[in-house]
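Reader: I'm new to this one, and I'd like a close look at a single part of it. Could you walk me through it slowly?

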Amino acid sequence: MTPVMSEFEYRKAPYRSASALKKLVTADMTTFVCGLTLVRHGETQYNKDGLLQGQSVDLPLSEIGLQQAQAAAEFLKQVHFSHVFASDMLRAQETAQTIAKVNRSCSGLQVMCDPLLKEISFGMAEGGPMQVVKEMAAAAGQVFPGFTPPGGETQEQVKLRFVQFWGKMLQKIGSNIQTEPNDRFSSGLSTVPPNVTVCDLPRHALLVSHGAYMCVAVRYLVQDLGCTLPQGCDEAKMFALSPNAGISHFTLTLRKDGDSVQVLGVNCQVINKGVDK
């Protein structure tokens, strides 16, 4: 296998031709574009009643929640998914399975349930009215869902949990990447091709999780990875709580370098789109 040159070695080798240098630098590298769709689970009875679920309350979807999941499935049925991830909590699993059942591309895929995608733990506030937690947050000079009730997870702890999942997800997406000669979504890309939408991409991950957790995840994409925002969207809207079964679309430009996958760019195309049940 041809070794990959470091930037220092590249600059210290002026006697090599430009084409030879490029071959050495990119010998083990493939740049490719993939899609990422985030979906919040459908409604549960606790959502309807304004009660906080967190991790200790693991309810199935309500009748309305099942209808919302079905509406999301219909909206996404033309999207080609190569990977499906979901929280291991029942409400997220049911939503993911409903979407996968309608989508032809998911017929041979397993929904990969991961505890790293669980909702935030709200400690002693779980099972109680959400309004009480909002009042606690206001008294502390904070806002929900960024507020941490006693015994709950901090925003930083949740972020670390998402970053751990993010690394696992990128490895799975990149594990079977092979550059095809006519693949316009890989081989030398540095940016997303113009007019590309998530529906165009042969590599696409569906991620079904929870409202407060997804707020932390999106904040990481924007503040840590430099995700670009949709036209006319500001950070307040980006970081807002998604409605039940709300959908967000992103494109990721990634580079596979040996066994590692690096993020070159993230672009948000749609954020927290509600669906009609």
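Reader: Let's take the place where helix 4 and helix 5 cross: is the crossing left-handed or right-handed? Please tell me about the residues there too, and about any salt bridges you come across.

Author: Happy to. One thing up front: this is a predicted model. The crossing of helix 4 and helix 5 is right-handed. Helix 4 covers residues 63–76 and helix 5 covers residues 90–102, and the two pack with their axes 8 Å apart, at an angle of about 40 degrees. Because that angle is neither under 35 degrees nor in the 65 to 115 range, helix 4 counts as oblique to helix 5.

Now for who touches whom. From helix 4, the residues in the contact are L66, A69, Q70, A72, A73, E74 and L76. Helix 5 brings E94, T95, T98, I99 and V102 to meet them. Sorted by type, the residues of this contact come to 7 nonpolar, 3 polar and 2 charged.

Keep an eye on E74, one of the helix 4 residues in that contact. The side chain of E74 also meets the side chain of K77 in a salt bridge, with 3.1 Å from N to O. How open are these two partners? E74 has a relative accessible area of 38%, so it counts as partly exposed. K77 lands in that class as well, since its relative accessible area is 37%.

That pair belongs to a count of 5 salt bridges in the model, so let me show you two others for context. R161 and E153 join their side chains in a salt bridge of 2.8 Å, N to O. Here both partners are tucked away: R161 is buried at a relative accessible area of 10%, and E153 is buried at 15%. The cut-off for buried is under 20%, which is why both qualify.

The other one is the salt bridge between D224 and K159, whose closest N and O atoms are 3.0 Å apart. This pair links distant parts of the chain, 65 residues apart: D224 is in the loop between helix 8 (211–223) and helix 9 (235–238), while K159 is in helix 7 (residues 155–174). D224 is partly exposed, with a relative accessible area of 41%. K159 is partly exposed too, at 23% relative accessibility.

So, back where you started: helix 4 lies oblique to helix 5, their crossing is right-handed, and E74 takes part both in their contact and in the salt bridge with K77.

Technical notes:
Residues numbered from 1 in each chain as written. Predicted model: local features only at pLDDT ≥ 70, side-chain atom pairs only at ≥ 80, totals over all residues. Heavy atoms only, no water. Salt bridge = Lys/Arg side-chain N within 4 Å of Asp/Glu carboxyl O. Buried < 20%, exposed > 50% of the residue type's maximum accessible area, 1.4 Å probe, protein only. Axes fitted to C-alpha atoms, helices over the stretch in contact; angles between N-to-C directions. Parallel < 35°, antiparallel > 145°, perpendicular 65-115°, else oblique. Left-handed = near helix turned anticlockwise from the far one by under 90°. Contact = heavy atoms within 4.5 Å. Nonpolar A, V, L, I, M, F, W, Y, C, P; charged D, E, K, R; others polar.
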